[in-house]
Amino acid sequence: NLSASCWSRLHPVNMFNSYNVKFHHRKALTSPYPGSHIERSQVPEDKVGWLTEWEDYNPVEYTAKSVLARPSWADPQINNEGFSPKFNDRDGEVERKSLNGLYVVENGRPRNPVGRTGLTGRGLLGRWGPNHAADPVVTRWKRDGSGNKVAHPVSGKNILQFVAIKRRDCGEWAIPGGMVDPGEKITATLKREFEEEALNFLQKSPEEKAKLEKQLQKLFSQEHFVVYRGYVDDPRNTDNAWMETEAVNYHDETGETMDNLPLEAGDDAGVVKWVDISEKLELYASHRYFIKLVTEKQGAHWSEDPGSECHK
């Protein structure tokens, strides 16, 4: 009965079954659905899993108008003529494989692998089935005016900082990640999303872009830590569409790269700044969990309560 944090040390990249369904669906069951007045059908905790029979289950059907308008990142409706997606497979440039293995397709629709959400359709998500994202966790040590690492007065562990953005859509603090474009490699997505959201890269001059690229190349080409790969407890998830991500930690040990990087909010970010990491953080979706795993990997401060730390 290992806790999630203990298990993560043993299996940092595959933790789909390492904590219970309740954790996965705490945010994916919230009402109203983001950006709408749509209320989900209530799903009792003991009926989240598909293995529990529930003949009276009658979820609400909802797909946002912005998705139905068929932007480039969205699929057609499932019954549209000529649309025959290859679920559990690579579908042209679109990756429809799940990071957690095979998922069930029922009546032509993919089924959320974790369980019921009280809502069918796609909500705000573009793809039927998994919607792949990438989350770059960029960290450095907190330092004093003399350049020395700052230790927490209670735990005695050094304090880690990460680049956080305040999302425009919901106002919550988050890792500056985003969706993987069709055919794009995860490594490219991680770097691109950080540039766009934390550095306002799209609004820079060619000269400024070249300078930033040179600085970032050193950070993003170094050895990195894959924090998590898999399903995300996201408030946008539905029975037929869900978020998955690959969260990767890029750590600037000396601070030489990131200290001179001008943070500036752009794209989906309203604010961007360095944030001290501790258990008091409240972050979007499963981001707090990802950050906790990074502190464990780096041996950094997380909690003032020694009893909450995981012992080997």
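How many helices and strands are there in the protein? There are six helices and 13 strands, and the views below visit some of them in a predicted model.

**Figure 1. The whole chain, and how far to trust it.** Let's start with confidence: the protein has a mean pLDDT of 87, with 89% of its residues at 70 or more. Residues 1-22 are another matter, with a pLDDT below 50. This stretch still has 40 contacts in the model beyond its near neighbours in sequence. Please look at such a region with care, because coordinates predicted with low pLDDT should not be read in detail. Across the protein, 50% of the 312 residues are buried. Among contacts with a separation of 6 or more, 70% join residues 24 or more positions apart.

**Figure 2. An edge-to-face pair, Y103 and W242.** The protein has eight aromatic pairs, and this view shows one of them, with ring centres 5.2 Å apart. Because the planes of Y103 and W242 meet at 85 degrees, the pair is edge-to-face. Y103 belongs to the loop between β3 (94-95) and β4 (105-106), while W242 is in strand β12 (residues 241-252). The pair therefore ties together parts that are 139 residues apart in sequence. Are these two rings buried or exposed? Y103 is buried, with a relative accessible area of 6%, and W242 is buried too, at 0%.

**Figure 3. A stacked pair, Y228 and F290.** Here the ring centres of Y228 and F290 are 5.0 Å apart and the angle between the planes is 25 degrees, so the pair counts as stacked, the cut-off being under 30 degrees. Y228 comes from strand β11 (residues 225-231) and F290 from helix α6 (residues 287-298). With their positions 62 residues apart, the pair links distant parts of the chain. Y228 is buried at 0% relative accessibility, and F290 is buried at 1%.

**Figure 4. More company for aromatic rings.** W50, W54 and Y57 are joined by ring pairs into a cluster. Elsewhere, a ring has a charge for a partner: the charged end of R167 sits over the ring of Y284, 4.0 Å from its centre. K297 does likewise with F225, lying over the face of the ring at 5.1 Å from the centre.

**Figure 5. The largest nonpolar core.** Which residues of the largest nonpolar core touch the most other members? They are F162, F194 and I291, in a core of 57 residues. The elements giving two or more residues to this core are β7 (129-141), β8 (160-167), α4 (186-198), α5, β11, β12, β13 (269-276) and α6. Of these, β12 gives the most, with six residues. For a closer look, centre the view on F194: leaving aside neighbours within four places in sequence, F194 is in contact with P136, V138, V163, P176, L199, L216, F220, M258 and L261. Another core lies apart from the largest one and has six residues, among them Y33, A64, V67 and A74.

**Figure 6. Helix α4, end to end.** The 13 residues of α4 should span 18 Å at 1.5 Å a residue, and the end C-alpha atoms are 18 Å apart, which agrees. Ten of those 13 residues are buried, so α4 is largely enclosed by the rest of the structure. The buried set includes charged residues such as K191, R192 and E193, as well as F194. After α4 comes N200, with a positive phi near 50 degrees.

**Figure 7. Helix α6 and the glycine that follows.** From first to last C-alpha, the twelve residues of α6 reach 17 Å, close to the 16 Å expected at 1.5 Å a residue. This helix is mostly covered, with nine of its twelve residues buried. Among the buried ones are H287, Y289, F290 and I291. Just after α6, G299 has a positive phi of about 65 degrees.

**Figure 8. K211, an exposed lysine on α5.** K211 is found in helix α5 (residues 206-220). Is K211 buried or exposed? At 60% relative accessibility, K211 counts as exposed. Its C-alpha is 9.9 Å from that of L261, a residue 50 positions away in sequence.

Note on methods. Residues are numbered from 1 along each chain as its sequence is written. This is a predicted model: local features need pLDDT of at least 70, side-chain atom pairs count only at pLDDT 80 or more; totals for chains, interfaces and linings use all residues. Side-chain values use heavy atoms; hydrogens and water are left out. pLDDT is the predictor's confidence in each residue, from 0 to 100. Contact means heavy atoms within 4.5 Å. Rings of Phe, Tyr and Trp (its six-membered ring) pair if their centres lie within 6.5 Å; planes under 30 degrees apart count as stacked, over 60 as edge-to-face and the rest as tilted. Helices (H or I, at least four residues) and strands (E, at least two) are DSSP runs, numbered from the N terminus. Buried means under 20% relative accessible area, exposed over 50%, partly exposed in between (1.4 Å probe, protein chains only). A charge sits over a ring if NZ of Lys or CZ of Arg is within 6 Å of the ring centre and within 35 degrees of the ring normal. A nonpolar core is a set of buried Ala, Val, Leu, Ile, Met, Phe, Trp, Tyr and Cys residues joined through side-chain atoms within 4.5 Å. The expected span of a helix is 1.5 Å times one less than its number of residues.
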